[in-house]
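Notebook open, coffee ready. Today I'm looking up rings, charges and a metal site.

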Amino acid sequence: MRKNSTGFQTWAEVAPRLVAVAAGRAAADMVIRGGKLVNVHSREVLDGWEVAIAAGRFAYVGPDASHCIGDGTEVVEAEGRYLIPGLCDAHMHIESGMLTPAEFARAVIGHGTTSMFVDPHEIANVLGLEGVRLMHDEALLQPVNIFTQMPSCAPSAPGLETTGREITPEDVVEAMGWPGIVGLGEMMNFPGVVAGDAKMLAEIAATQNVGKTVGGHYASPDLGPAFHAYAAGGPADDHEGTCEADAVARVRQGMKSMMRLGSAWYDVESQITAVTEKGLDPRGFILCTDDCHSGTLVNDGHMNRVVR
Ligand SMILES: [Zn+2]
């Protein structure tokens with residue numbers, strides 16, 4: 001049977017079996033019972049809900065999965081533990097972990113990570129578009145969701161850096177046609193955007209023209225006209241906030257405020273009060289690591305550490 005790039009069959013291909021398992025006509029591969037299901041759709045913790053899995057997908061999620069258990073079913077007793085969805089790192093750079101996409105995925109799957117939005121701008125500094133393509137191609141082969149953003153700024157501070165290669169608006173146009181590219185990576189040249197730099201605005205336009213998302217990176221405490229000019233340029237999110245006022249300002253502009261806890265950044269505690277104290281809608285906020293060194297992965301974990 002045909003399999004997609006990750007080796008898993010598509011939902012459409014396994015739907016007949018999922019239906020049969022949920023209806024009790026076929027046995028699941030695995031049933032997890034005795035846990036507390038954290039339901040992020042209804043925002044409830046459902047005590048005693050059980051999960052039946054077939055062909056690597058959820059077939060049944062409900063109060064009693066005993067009808068899904070057959071001779072070949074592996075039954076896992078959760079013993080009161082919480083069952084949560086896979087964790088997502090909303091913005092990060094795999095190269096900061098000193099690893100390739102395959103090895104990074106191997107390191108974080110055990111910590112519960114199932115999705116990552118990655119911007120391979122470090123390799124872009126060295127190998128340009130060719131390096132981005134290598135990371136993009138390897139990301140598509142992994143058994144977790146790795147969504148690649150096209151790096152926007154190599155160099156990030158023109159005139160102050162001597163990168164090996166440069167990224168051009170033409171490179172961005174080309175990459176937007178690749179299958180795994182979901183948008184433009186952090187627009188670090190925020191002074192360029194604020195000043196109306198033609199190259200930066202051309203990269204943003206190339207992204208918006210194909211209906212994809214522009215990632216932000218406004219690394220300044222100035223929340224005056226410069227910040228508003230940057231927001232007007234089109235970035236949909238920003239992870240450079242370090243205090244509550246930064247987080248609030250971003251969400252008020254309709255941007256997603258990303259809060260970081262990586263190897264170098266500790267910006268969750270100082271910004272989460274925008275939700276816990278000021279009562280802003282939590283859907284405007286996203287957790288990420290930005291940079292996660294392999295030592296941090298081994299010793300402290302990945303997104304499970306951030307959530308804790
Ligand atoms: Zn970043």
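First, a rule I need: a charge sits over a ring if NZ of Lys or CZ of Arg is within 6 Å of the ring centre and within 35 degrees of the ring normal. With that in hand, I found the charged end of Arg133 over the ring of Trp178, 4.7 Å from its centre. I also noted Lys36 over the face of Tyr82, at 5.4 Å from the ring centre.

A note to self: this is a predicted model, where local features need pLDDT of at least 70, side-chain atom pairs count only at pLDDT 80 or more, and totals for chains, interfaces and linings use all residues. Residues are numbered from 1 along each chain as its sequence is written, and side-chain values use heavy atoms, with hydrogens and water left out.

Next, the zinc ion. Which residues hold it? I listed His91 (NE2), His93 (NE2), Glu186 (OE, twice) and Asp290 (OD), at 2.1 to 2.6 Å. Donors here are N, O and S atoms within 2.8 Å of the metal (3.2 Å for Na, K and Ca); water is not among the atoms, so sites may look incomplete. Along the sequence, I wrote the donor spacing as H-x1-H-x92-E-x103-D. Are His91 and His93 buried or exposed? Both are buried (under 20% relative accessible area, with exposed over 50% and partly exposed in between; 1.4 Å probe, protein chains only).

Last, a ring group: Phe190, Tyr218, Phe227 and Tyr230 form one aromatic cluster (rings of Phe, Tyr and Trp, its six-membered ring, pair if their centres lie within 6.5 Å). I checked Tyr218 and Tyr230 too, and they are buried.

Methods
Rings of Phe, Tyr and Trp (its six-membered ring) pair if their centres lie within 6.5 Å; planes under 30 degrees apart count as stacked, over 60 as edge-to-face and the rest as tilted.
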